[in-house]
Amino acid sequence: MAENKVTFGLKNAHYAVVSVDDETGDVTYGTPSKLPGSVELSLEARGDMGEFFADNKLFYSEANNQGYNGTLTIARLTDKFRQEVLDETLDESDSVLIEKQDAKPKHIALMFEFDGDQKGTRHLLYYCSVTRPNMGSSTKTDSVEPATTEFTFLAKPRTSDSYVKVSTTAGTPEAVYNDWYTNVYEPAPAA
């Protein structure tokens, strides 16, 4: 299959809750859950160009990859996400979600897909910390324009192996591509 020439569209946002072993630092993931209603996603690279000057010139430079600052806009956060990731508590007696000041949001892996002219490219950010979402709505007018929910996140290198992100390519096997949202993808160990 040929490589995509262009990228457009966003769909198939999923998340998986991260668990880190306190002793070994090993990272494991829960089963991915769909985050429906993807509207927009932006990623801004984090990291500087380290520069060292000597002999009256730029003597050495190196890029520093610290992951991405991201923003995801979706139709609405699911109650499941609010409980599993944002650590909101469900009052079982009245089925009311409670946000507490001392909530401990969980890290997640974030998966999503950009359409292309040949085939969608699937992406995975391994270790993201998320913020509480912004909230808002406005008066309904003649046009029905639904409100959206936006939250920011930091996708950083995971401590176990410094992986930040992976993406499918034109050569990705069908089995890997089709199972992208079943489990968090892990590369085969180096030989």
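## Overall picture

Of the protein's 191 residues, 29% count as buried. The model is a predicted one. Two helices and 13 strands make up the secondary structure of the protein.

Taken along the principal axes, the C-alpha atoms fill a box of roughly 70 × 45 × 40 Å. The accessible surface of the protein is about 12300 Å², and carbon and sulfur atoms hold 48% of that surface. Among contacts in the protein with a separation of 6 or more, 64% join residues 24 or more positions apart.

## Nonpolar cores

In soluble globular proteins, nonpolar side chains tend to be buried together. In this model, the largest nonpolar core has 20 residues. Those with the most contacts inside this core are Leu35, Leu72, Phe81, Ile108, Leu110, Phe151 and Phe153. At least two residues of this core come from each of strand S1 (7-20), strand S7 (68-74), strand S10 (108-116), strand S11 (121-130) and strand S12 (149-155). Apart from this core lies another, of 13 residues, which includes Ala16, Tyr29, Met111 and Tyr127.

Leu110 can serve as an example from the largest core. Leaving aside residues up to four places away in sequence, Leu110 touches His14, Leu41, Leu72, His123, Leu124, Leu125, Cys128 and Phe153. Of these partners, Leu72 and Phe153 are also listed among the core residues with the most contacts.

## Thr73 in strand S7

Thr73 lies in strand S7, one of the strands that supply at least two residues of the largest core. Is Thr73 buried or exposed? Its relative accessible area is 9%, and buried means under 20%, so Thr73 counts as buried.

Beyond residues up to four places away in sequence, Thr73 touches Gly37, Ser38, Val39 and Glu40. Thr73 also touches Thr148, Thr149 and Glu150.

## Pockets

The largest pocket has a volume of about 260 Å³. Its lining has 13 residues, and Leu77, Arg82, Pro133, Met135 and Thr149 lie nearest the centre of the pocket. Thr149 is also one of the residues that Thr73 touches. By type, the lining of the largest pocket divides into four nonpolar, four polar and five charged residues.

For the second largest pocket the volume is about 150 Å³. Its lining consists of Met1, Ala2, Glu3, Asn4, Gln118, Lys119, Gly120, Thr121, Thr168, Thr169, Ala170 and Tyr177. The residues of this lining divide into four nonpolar, six polar and two charged.

Terms used
Residues numbered from 1 in each chain as written. Predicted model: local features only at pLDDT ≥ 70, side-chain atom pairs only at ≥ 80, totals over all residues. Heavy atoms only, no water. 1 Å grid on protein atoms, 1.4 Å probe; cavity = no way out; pocket = protein on both sides within 12 Å on 5 of 7 lines; lining within 4 Å. Points joined across faces, edges and corners; volume = space filled by probe spheres on them. Nonpolar A, V, L, I, M, F, W, Y, C, P; charged D, E, K, R; others polar. Core = buried A, V, L, I, M, F, W, Y, C linked by side-chain atoms within 4.5 Å. Buried < 20%, exposed > 50% of the residue type's maximum accessible area, 1.4 Å probe, protein only. Helix = DSSP H or I, 4+ residues; strand = E, 2+ residues; numbered from the N terminus. Contact = heavy atoms within 4.5 Å. Areas by Shrake-Rupley, 256 points an atom, 1.4 Å probe, with all protein chains shown as cover.
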